[in-house]
Amino acid sequence: MKHLKLYLVLIAFGFTFVSQGQSTWVAPDSANSLKNPVADNSEALASGKTSFEAICFVCHGNQGKGDGLNAPNLERPPADLTAVTVQAQSDGALFWKISEGNPPMLSFRYSLSEEQRWQLVHYIRELARLYPPQSASVPSVAQSDISGNDQSESTTTSGSKNTDSKRSLFPDHSLIMVVIGVLVVVLITLVVLVYTLMAVMVVVKN
Ligand code: HEC
């Protein structure tokens, strides 16, 4: 079949979309019940800062924006740790992610003590206070909210989207990617079926 190449390309696209969708990293529910045993004080923040600026900055950048020196070399962009999507997660979920890792994000279960990892969670909260997502204060967004009710919510929502779009091409749209992926696969299957039917008919005719 002369269209075989086209099919293969389409199938490859379909799988790329599907795997993009599955790459969203979610901590298990059990992680949410972990309570941060380290008090959130200047000592914890100072230790967290020391660890962060010794290790994490390479990928996440000193301000946690995901723009570290090593960021361009990774197959997946490092998270912007000040983004609403990260800050909305529980302390336990962030602790779990720092402990487990998800390549290219490393696992720090063995290289950092539990206390150091909990201090880092505090420091990630501090980063968002020090360097809030810039787009959260874009005025045009607030203006476009004509109804005027709950402006702050609308700005934070779009703020998270804007910062996310910096870290990946299709940030919050993993579900859409899955749907598109499935549609592409279904489409390919249909085309293959039609061609097979046509081939069968030709054979039957002869
Ligand atoms: C080698 C580069 C690298 C280093 C070093 C690194 N990270 Fe990451 N980190 C990543 C990448 C890439 C992701 C995104 C992974 C994903 O979404 O699957 C990530 C994700 C995260 C997340 C989850 C964010 C989210 O979207 O839920 C947290 C929290 C995090 N890193 C904290 C840290 C901390 C704290 C350190 C230092 C102890 C650190 N990282 C060191 C690359 C790195």
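# Helix packing and the ligand shell

Q: Where does G101 lie, and what is the sign of its phi?

A: G101 comes just after α5, and its phi is positive, at about 70 degrees. This is a predicted model, in which local features need pLDDT of at least 70 and side-chain atom pairs count only at pLDDT 80 or more, while totals for chains, interfaces and linings use all residues. Residues are numbered from 1 along each chain as its sequence is written.

Q: What makes a stretch of the protein chain count as a helix or a strand, and how many of each are there?

A: Both are DSSP runs numbered from the N terminus, where a helix is a run of H or I with at least four residues and a strand is a run of E with at least two. By that rule the protein chain has 9 helices and 0 strands, and from the N terminus on its elements read α-α-α-α-α-α-α-α-α.

Q: Why is D80 called buried?

A: A residue is buried if 20 or more other C-beta atoms, placed from the backbone, lie within 10 Å of its own, exposed if 12 or fewer do, and partly exposed in between. D80 has 26 other C-beta atoms within 10 Å, and therefore it is buried. D80 sits in the loop between α3 and α4 (84–87), and its C-alpha atom is separated by 4.5 Å from that of G66, which is 14 residues apart from it along the chain.

Q: How do you know that α5 is mostly covered?

A: Of the 10 residues of α5, 8 are buried, namely D91, G92, A93, L94, F95, W96, K97 and I98. What covers them includes α2 (29–32) and α6. In the protein chain as a whole, buried residues make up 22% of the 206 residues.

Q: Why is the packing of α5 and α6 called oblique?

A: α5 and helix α6 (residues 114–130) pack at an angle of about 120 degrees, with their axes 9 Å apart. Angles under 35 degrees count as roughly parallel, over 145 as roughly antiparallel, 65 to 115 as roughly perpendicular and the rest as oblique, so α5 is oblique to α6. In this contact D91, L94, F95, I98 and S99 of α5 meet R117, W118, L120, V121 and I124 of α6, and these residues divide into 7 nonpolar, 1 polar and 2 charged.

Q: What makes α3 and α6 roughly perpendicular?

A: Their angle is about 95 degrees, with the axes 8 Å apart, and they are therefore roughly perpendicular to each other. A44, L45, S47, G48, K49, S51 and F52 of α3 make the contact with Q116, Q119, L120, H122, Y123 and E126 of α6. Its residues divide into 5 nonpolar, 6 polar and 2 charged, where Ala, Val, Leu, Ile, Met, Phe, Trp, Tyr, Cys and Pro count as nonpolar, Asp, Glu, Lys and Arg as charged, and the others, Gly among them, as polar.

Q: Which residues around the ligand come nearest, and what makes a residue near?

A: A residue is near a molecule if its C-beta atom, placed from the backbone, lies within 6 Å of it. There are 24 residues around the ligand, of which W25, C56, C59, A79 and M105 come nearest. The elements that give two or more residues to this shell are α3 (42–60) and α5 (91–100), and α3 gives the most, with 6 residues. By class, the shell has 17 nonpolar, 5 polar and 2 charged residues.

Conventions. Axes are lines fitted to C-alpha atoms, for helices over the stretch in contact, and angles run from 0 to 180 degrees between N-to-C directions. Two residues are in contact if their C-beta atoms, placed from the backbone, lie within 7 Å.
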